Amino acid sequence: MKHHLLPTLVATVLLLTPKALDACTGITLRTANGVSVVARTIEWGGSNLNSRYVIVPRGYTQRSYTPEGVNGMRFTARYGYVGLAVEQKEFIAEGLNEEGLSAGLFYFPAYGRYVEFDPTLKEHSIADLQLVAWLLGSCRTVEDVKHAVEGVHVIAIDPRASTVHWRFTDRSGRQIVLEIIDGKPRFYDNELGVLTNSPGFEWQMTNLNNYVNLYPGSAAPHALGNVKLAQFGAGAGMLGLPGDITPPSRFVRAAFYQATAPQRTTAEETVLECFQILNNFDIPIGIEFATGQTPTDIPSATQWTSATDSQNGCIYYRTMYNSTIRCIDLKTIDFEHVAYRDEPLDTVSRQPIEVLKIE
């Protein structure tokens, strides 16, 4: 790609700055027999992200963007994968490969810091927004991910852009979080299975201890001096659960909703349970705008929600325009012979409404 296209890329990357809401929430549920399903939302209130699904065959070669153009690391997919991309087909925010590795990026402003781009190392440099694509095409397990990341330089396409952090889960159910702090990759085992945004993952886990008093169900009546106190309605055991949309509050809320969800028997039932939980994290478009400002022409800041069943090779999604859950079954794709393709998540930007015929 010629350098005159780079300003467009810079504008794209600057979408990941704090000028508009970007508030991803990730959860993990497990079936009764231990199959893990990871799910997440992706929020952006500034404009339509023009999200697409991408099918990448084995042997497909790409090259990373750098601040100079498209002259970074060249990488070829060993494994085929399906990704959900934002703004450009190369920028995959969530995906699943044929070996059962899922990967996703989450906004991480003010806490991460990559190495500075060094033109002499461009052949070993990969843009943060393309890390998911590279690793889905290269790795089978989270251990493979850890070894692969140690051998590259993760960079920003534009130094003004925010950083991101990542979640990886393999077919065994093991999950890790990657954050790059002061230019060094840091990996955390994520046994909880929740991820949001800043601050860092360790801080978010520590912060959960502030809510040690919460529990599911009802609160028993008790006396306060000579006064008897009783709950107004069911669920008072969770009184004090934070309800705002900041990343720490969403992390806590996601952790409690996830922990108290009924365990389902099948993976498909678990996928549906994930979507039900993540309904609670849909963000209305107007919440980020000051009084009197005009909202953008999109129906929700939560542009899409996805769920991934690594064991059975399925990735599901629904969008702000269509709440019908759609599924891409990787087992039906011949990654040896399928052609690379990218398609919009929605062909019509309007929620379908079914009119019932009453006779």
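Which residue in E11 stands opposite Tyr107? In this predicted model, select Tyr107 together with Val164: Val164 in E11 is the residue that stands opposite Tyr107.

**The pairing of E8 and E11**

Extend the selection to strand E11, residues 164-169, which is joined to E8 by six bridges in the antiparallel sense. Then isolate strand E8, residues 102-107, where six of the six residues are buried. Colouring E8 by side-chain direction separates two sets: Ser102, Gly104 and Phe106 point one way, while Ala103, Leu105 and Tyr107 point the other way. Both sets are buried.

**The hairpin of E7 and E8**

Next, select strand E7, residues 92-97, which pairs with E8 in the antiparallel sense over three bridges. Glu94 has Gly104 in E8 as its bridge partner. Four residues lie between E7 and E8 in this hairpin, and in the turn Gly100 has a positive phi of about 90°.

**The whole sheet**

Now display the eight strands of the open sheet, in the order E13-E12-E11-E8-E7-E6-E3-E19, with antiparallel pairing. Its edge strands, E13 (184-189) and E19 (341-344), each pair on one side only. On average, neighbouring strands of this sheet are turned by 20° against each other, direction ignored. At the E13 edge, select strand E12, residues 175-181, which pairs with E13 in the antiparallel sense over six bridges. Pro185 in E13 is the bridge partner of Ile180.

**Aromatic pairs**

The count of aromatic pairs comes to seven. One of them joins Tyr114 and Trp166; their ring centres are 6.4 Å apart and their planes lie at 40°, so the pair is tilted. Tyr114 sits in the loop between E8 and strand E9 (125-127), whereas Trp166 belongs to strand E11, 52 residues apart. Tyr114 has a relative accessible area of 7% and is therefore buried; Trp166, at 0% relative accessibility, also counts as buried.

Move next to Tyr188 and Phe201, a tilted aromatic pair with 5.9 Å from centre to centre and 45° between the planes. Tyr188 lies in strand E13 and Phe201 in helix H4 (residues 201-207), 13 residues apart. Both Tyr188 and Phe201 are buried. Adding Phe251 to the selection completes one aromatic cluster with Tyr188 and Phe201.

**A surface patch**

Finally, show the molecular surface and select Leu224, Val227 and Leu229, which form a nonpolar patch with about 260 Å² of accessible area together. Leu224 is located in strand E14, residues 222-224. Its relative accessible area is 56%, so Leu224 is exposed.

Note on methods: Residues numbered from 1 in each chain as written. Predicted model: local features only at pLDDT ≥ 70, side-chain atom pairs only at ≥ 80, totals over all residues. Heavy atoms only, no water. Pairing = 2+ DSSP bridges. Axes fitted to C-alpha atoms, helices over the stretch in contact; angles between N-to-C directions. Patch = residues over 30% accessible without salt bridge, like charges linked within 9 Å, V, L, I, M, F, W, Y side chains within 5 Å. Areas by Shrake-Rupley, 256 points an atom, 1.4 Å probe, with all protein chains shown as cover. Salt bridge = Lys/Arg side-chain N within 4 Å of Asp/Glu carboxyl O. Buried < 20%, exposed > 50% of the residue type's maximum accessible area, 1.4 Å probe, protein only. Phe/Tyr/Trp six-rings, centres within 6.5 Å; stacked < 30°, edge-to-face > 60°.
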